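Please look through the structure shown here, taking the meeting of its chains before the surroundings of a single helix.

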Amino acid sequence: MSTKTMKVDYLARVEGEASLNIRMKDGTVKDVQFAVFEPPRFFEAFLKGRRAAEAPDITARICGICPVAYQMSSCHAIEQAYGVTVDGTLRDLRRLLYCGEWIESHALHVHLLHAPDFLGYQDGIQMAADHPMEVKRGLRIKKIGNDIVNIVGGREIHPINVRLGGFYKAPARQRLTAMLDDLKWAYDASVETIRWTASLPIPEFERDYEYVALRHPREYPMNEGRVVSNKGLDIPNTEFEQHFVEEHAPYSNALQCALDGRPYHVGPLARYNVNFDLLPKELRRVAESVGMKPPVLNPFKSIVARAVETAYACGEAIRLIEGYQTPEKSSVTVEPRASTGCGCTEAPRGILYHRYKLDDLGVILDAKIVPPTAQNQKTMEDDLRQLVPENIGLPEADLLWRCEQSVRNYDPCISCATHFLKLNRVEE
Amino acid sequence: MRHALPETEQSGGIVAITAARRKRTLIIGIGNSLRGDDAAGPSVARLLASAALPADVRIHEREGAALMDVWEGYDRVFLVDAVVSGAPVGTVHRFDVGEAPLPSARFASLSHDFNVLEAVELARALGCLPASLAVFGIEGARFSHGSTMRPEVAAAAEVVARTIREEVGT
């Protein structure tokens, strides 16, 4: 009888600080902990007393790689509370901004953070020496995503142009149309990336996930939709908290979320499985030709799903820009009232839920933020509970590497996961 | 939450462009001016922008992977960034990039992105290094939002600015 503990003290190629602890006894996994040690950041606490109009800017600081997601979820939540609808050109502009974020986040993750695992490189730099063309391609796609965020959002990191009701200043049409050649290149490069990621050595692994994503009647989801799953969930975002509950595990500074008590899976693979029919026909054809016909239950294929979404976002950006006319007004009027509202949008890593309670002057009385990485934590751990015994024959260093690669399937953003309100410590 | 920065100081903006046709020397101060010792790079850039050197000067607040785009077309490049390696605060590390790889493993990354030395090695792997590249790393310790630069770091920034001014001015 032997007990063994394997640890990765500091997970590399993930955003933020976390470690992995796996305790084994007699070849079975006794305990798995994805332990986030990045300090908690208390955003929900210091949002209280701030004005609602500040929420998009404040919450954007939760994350340096997905600030647009925070701005969108907070705007939609507060607009829902105030009974405001942003549609037409301004709605398209928000969707375009989100396309930019998906493109840059996915391109970085696919090429520099995750692909090295599949090809056996310790990091993206070593991979770049042998695969310079692919890495340069990824960096150029990423830059094009950054350029969209820069033009529409006013700044690449923590955009300054987003406000309740729309934007401070909508960009002139010619600034956007100037991007079309680059975006057409990026679309083709992303389709190449779909084929490239699908050709990588992908570990065999499957689980029967509950995939949770937004579902919209007409479009692959970004800003709007009902919250649905592949196992029958179908609710408006106003019912989110009746089903999704966050708990604090003692070993982690990040909350973990459950759906009616069950773990679930959000992110590109979830969106892909739930919304495949809403992808353009050409992309569906390419995806199916490389073995991505849904249901896709292998989480290591998330790298291909990210490539598909990158291509989708490039194509969608082209469509939105071609149809864009500079609007007369950059935002609609927003009047505060005592109310509660929620917003749920699709960040690159999965659904991001915000809920605000506001007083009649538009001051925030209470805030709740549930980021995608918090929602994926139980599933990340459950993957390892199955993965480790299936790979127990590997040398320990390789086994640990496979575990890290598995965590990186979720492209975790730990800065987001540690934003929450209260830290409950249990000292034993 | 929005700071109305003058045009010349926007993130990634050019702090000083020489009046004549763009010269082939570029000085890049890397870092976030609002995060304590991470202001080291930008403060060197600001010191040099007013020095009327035959060089372009930029502040770079974005991730390391984008540096290759910034220095494209320049022959001689100086990078200045805050680093963390455990050396005493204010220590100036200088690396003249040649054949040998930089000791990037000794230096921490402040985010999930590449630290400046890793960014250089990525550029080398992709064949995107300028003909001449010198990296100055100023050892910092305090990077919390809203904090100021430690005096040792500010002093080191002056030293680095003087060194670059002497090398470029000739």
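**From the interface to one helix**

In this predicted model, 27 residues of chain A are in contact with 17 residues of chain B. The size of an interface is often given as the accessible area lost when the parts come together. Between chain A and chain B, about 1800 Å² is buried, and carbon and sulfur atoms give 68% of that area. On the side of chain A, the three residues A:I125, A:K136 and A:L139 supply 26% of the area that this chain buries against chain B, more than any other three residues.

Turning to the secondary structure behind this surface, α2 (55–60), α4 (88–119), α5 (124–130) and α6 (132–153) of chain A each supply at least two residues of the side that touches chain B, and α6(A) gives the most, with seven residues. By residue class, the side of chain A that touches chain B divides into 16 nonpolar, three polar and eight charged residues. The count of salt bridges between chain A and chain B is zero, while one residue pair in polar contact is found across the interface, with both residues at pLDDT 80 or more.

A second place to look is helix α11 of chain A, residues 281–289, whose buried residues are A:L283, A:V286 and A:A287. Seen down the axis of α11(A), these buried residues fall within an arc of 100 degrees, and therefore they line one face of the helix. The face turned away from the buried side of α11(A) carries the exposed residues A:K281, A:R285 and A:S289. What covers the buried residues of α11(A) includes α8 (180–199), α10 (268–275) and α12 (302–322) of chain A. Just after α11(A), A:G291 takes a positive phi of about 85 degrees.

Note on methods: Residues numbered from 1 in each chain as written. Chains lettered and ligands numbered in written order. Predicted model: local features only at pLDDT ≥ 70, side-chain atom pairs only at ≥ 80, totals over all residues. Heavy atoms only, no water. Contact = heavy atoms within 4.5 Å. Buried area = accessible area lost by both parts, 1.4 Å probe. Salt bridge = Lys/Arg side-chain N within 4 Å of Asp/Glu carboxyl O. Polar contact = N/O pair within 3.5 Å; in protein donor to acceptor, adjacent residues only side chain to side chain. Helix = DSSP H or I, 4+ residues; strand = E, 2+ residues; numbered from the N terminus. Nonpolar A, V, L, I, M, F, W, Y, C, P; charged D, E, K, R; others polar. Buried < 20%, exposed > 50% of the residue type's maximum accessible area, 1.4 Å probe, protein only. Arc of directions from axis to C-beta.
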